Amino acid sequence: RILGPENMALATLYFCSALCAAFVSPPLVDYIINDLEATTEEISTIDNCRTSPYLLRIFFGLVSDILPLRWQHRKPYLMLGIVVFSATNIIISWSVSGSNMSVSYLCTLLFVANAADTLALLMGDAMLVERS
């Protein structure tokens with residue numbers, strides 16, 4: 001059942017995550033440099049906010065093992081990650097278009113978005129491992 005609905009849903013998750021990373025990054029960097037006129041230190045801070053959520057993978061895995069939501073260990077956390085990731089990206093797009101963005105606000109939103117993406121991808125990884 002390699003083409004089953006569960007496996008196709010996980011493949012779609014990985015595809016969409018990679019697509020967002022590939023297509024959001026260049027315009028975001030352009031916005032940070034040209035519109036926010038961020039300094040080198042601020043750019044480094046923003047980059048750290050984007051990459052540091054990957055350090056939380058162990059914590060996310062432990063929480064999903066110890067604390068099931070609605071008697072399930074993976075799916076609720078997967079959906080939570082997808083919803084929060086989508087919501088924070090919508091907030092970022094609204095904030096950018098309204099030109100009321102600061103570096104600290106952008107850092108916070110990027111951290112939350114990437115933490116949610118990390119959570120969703122980790123749950124997808126765990127679901128794949130549990131099936132094999």
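The following exercises, each with a worked solution, concern a predicted model.

**Exercise 1. Helix H4**

Determine how the span of helix H4 relates to the expected value, and identify which residues of H4 are buried and what covers them.

Solution. Begin with the extent of the helix: H4 covers residues 75-97, a total of 23 residues. From its first C-alpha to its last, H4 reaches 33 Å, close to the 33 Å expected at 1.5 Å a residue. Next, list the buried positions, which are Pro-76, Tyr-77, Leu-78, Gly-81, Phe-85, Thr-88, Ile-92 and Ser-95. An α-helix has 3.6 residues a turn, so residues three or four places apart point the same way. Then turn to the cover: helix H1 (5-35), helix H3 (57-66) and helix H5 (103-131) are included in what covers these buried residues. Finally, look beyond the end of the helix, where H4 is followed by Ser-99, a residue with a positive phi near 55°.

**Exercise 2. Leu-36 and its surroundings**

Locate Leu-36, decide whether it is buried or exposed, and find its contacts outside its sequence neighbourhood.

Solution. First, place the residue: Leu-36 belongs to the loop between H1 and helix H2 (40-51). Its relative accessible area is 18%, and because buried means under 20%, Leu-36 is buried. Now set aside the neighbours within four places in sequence; Leu-36 is then in contact with Tyr-31, Met-101, Val-103 and Leu-106. As a last step, consider Ser-99: Leu-36 and Ser-99 are 63 residues apart in sequence, while their C-alpha atoms are 9.1 Å apart in space.

**Exercise 3. Cysteines**

Establish how many disulfides the whole structure holds, and explain why Cys-107 does not form one with Cys-49.

Solution. A search of the whole structure gives 0 disulfides. Cys-49 is accordingly in no disulfide, and the nearest cysteine sulfur, that of Cys-107, is 3.5 Å away. A disulfide requires sulfur atoms within 2.5 Å. The sulfur of Cys-107 is therefore too far from that of Cys-49 for a bond. As to accessibility, Cys-49 is buried with a relative accessible area of 16%, and Cys-107 is buried with 7%.

**Exercise 4. A nonpolar patch**

Name the residues of the nonpolar patch on the surface and classify Ile-66 as buried or exposed.

Solution. The patch consists of Ile-58, Leu-62, Ile-66, Leu-67 and Leu-69, which together have about 520 Å² of accessible area. Of these residues, take Ile-66, which lies in helix H3. Its relative accessibility is 68%, and since exposed means over 50%, Ile-66 counts as exposed.

Note on methods. Residues numbered from 1 in each chain as written. Predicted model: local features only at pLDDT ≥ 70, side-chain atom pairs only at ≥ 80, totals over all residues. Heavy atoms only, no water. Helix = DSSP H or I, 4+ residues; strand = E, 2+ residues; numbered from the N terminus. Expected span 1.5 Å × (residues − 1). Buried < 20%, exposed > 50% of the residue type's maximum accessible area, 1.4 Å probe, protein only. Contact = heavy atoms within 4.5 Å. Patch = residues over 30% accessible without salt bridge, like charges linked within 9 Å, V, L, I, M, F, W, Y side chains within 5 Å. Areas by Shrake-Rupley, 256 points an atom, 1.4 Å probe, with all protein chains shown as cover. Salt bridge = Lys/Arg side-chain N within 4 Å of Asp/Glu carboxyl O.
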